[in-house]
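Q: I am new to this structure and would love a close look at one part of it, namely its salt bridges. How many does the count come to, and where do they sit?

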Amino acid sequence: MKITVNNSPKIIEEQYVTVSRLLEILGVKENGTAVAVNERLIRKDDRPATSVSDGDAITIITAAFGG
């Protein structure tokens, strides 16, 4: 499946991917991370049940700590 993650094209080999699985594939920790699919914010509790489809635009924002 072809998707866009933070404006960068990606090919995911798996046919069925949830938002949680996508974060795992990309090596992104779920804590401290905001995810939107096609500009719709996905709550952390909804990520395991929210599927990613071919052509979706995913935005991932990770909190940075420090000063």
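A: Happily! A salt bridge here is a side-chain nitrogen of Lys or Arg within 4 Å of a carboxyl oxygen of Asp or Glu. This is a predicted model, where local features need pLDDT of at least 70 and side-chain atom pairs count only at pLDDT 80 or more, while totals for chains, interfaces and linings use all residues. Residues are numbered from 1 along each chain as its sequence is written, and side-chain values use heavy atoms, leaving out hydrogens and water.

By this rule there are 5 salt bridges. The general idea is simple: side chains of opposite charge can pair when their charged atoms come close. Let us follow some of these pairs, with R21 as the starting point.

R21 has a salt bridge to E14, where the closest N and O atoms are 2.5 Å apart. R21 also has one to E24, and there the closest N and O atoms are 2.7 Å apart. Taken together, E14, R21 and E24 are linked in a network of salt bridges. Both R21 and E24 lie in helix α1, which covers residues 19–26. (Helices are DSSP runs of H or I with at least four residues, strands are runs of E with at least two, and both are numbered from the N terminus.) Along that helix R21 and E24 are 3 residues apart, which is about one turn.

How open are these three residues to the outside? To sort them, buried means under 20% relative accessible area, exposed over 50%, and partly exposed in between, using a 1.4 Å probe and protein chains only. R21 is partly exposed, because its relative accessible area is 29%. E14 is partly exposed too, because its relative accessibility is 28%. E24, at 56% relative accessibility, counts as exposed.

The next pair is R47 and E30, a salt bridge whose closest N and O atoms are 3.4 Å apart. R47 sits in the loop between β5 (40–42) and β6 (51–52), whereas E30 sits in the loop between α1 and β4 (33–37), so this pair ties together parts that are 17 residues apart in sequence. R47 counts as buried, because its relative accessibility is 3%. E30, in turn, is partly exposed, with a relative accessible area of 24%.

Who else meets R47 and E30? One answer is S20, a residue of helix α1. Not counting residues up to four places away in sequence, S20 touches E30, R47 and P48, where contact means heavy atoms within 4.5 Å. S20 is buried, because its relative accessible area is 13%.

R47 also brings us to T33, which is found in strand β4. Leaving aside neighbours within four places in sequence, T33 is in contact with V28, R47, I60, I61 and T62. T33 counts as buried, since its relative accessible area is 9%. By contrast with those contacts, D54 is 21 residues from T33 along the chain, and the C-alpha atoms of T33 and D54 are separated by 22 Å.

D54 leads on to K2, in strand β1 (residues 2–5). Apart from neighbours within four places in sequence, the contacts of K2 are K10, I11, D54, G55 and D56. K2 is exposed, because its relative accessible area is 57%. K2 and E13 are 11 residues apart in sequence, and their C-alpha atoms are 8.8 Å apart in space.

Now step back to the whole chain. Its 1 helix and 7 strands follow the order β-β-β-α-β-β-β-β from the N terminus. The radius of gyration is 12 Å, close to the 11 Å that the globule rule gives for 67 residues, so the chain is as compact as a globular protein of that length. (That radius is taken over C-alpha atoms, and the rule is 2.2 Å times the number of residues to the power 0.38.) The C-alpha trace spans about 40 × 25 × 20 Å along its principal axes. Of the 67 residues, 31% count as buried. Among contacts between residues at least 6 apart in sequence, 53% join residues at least 24 apart.
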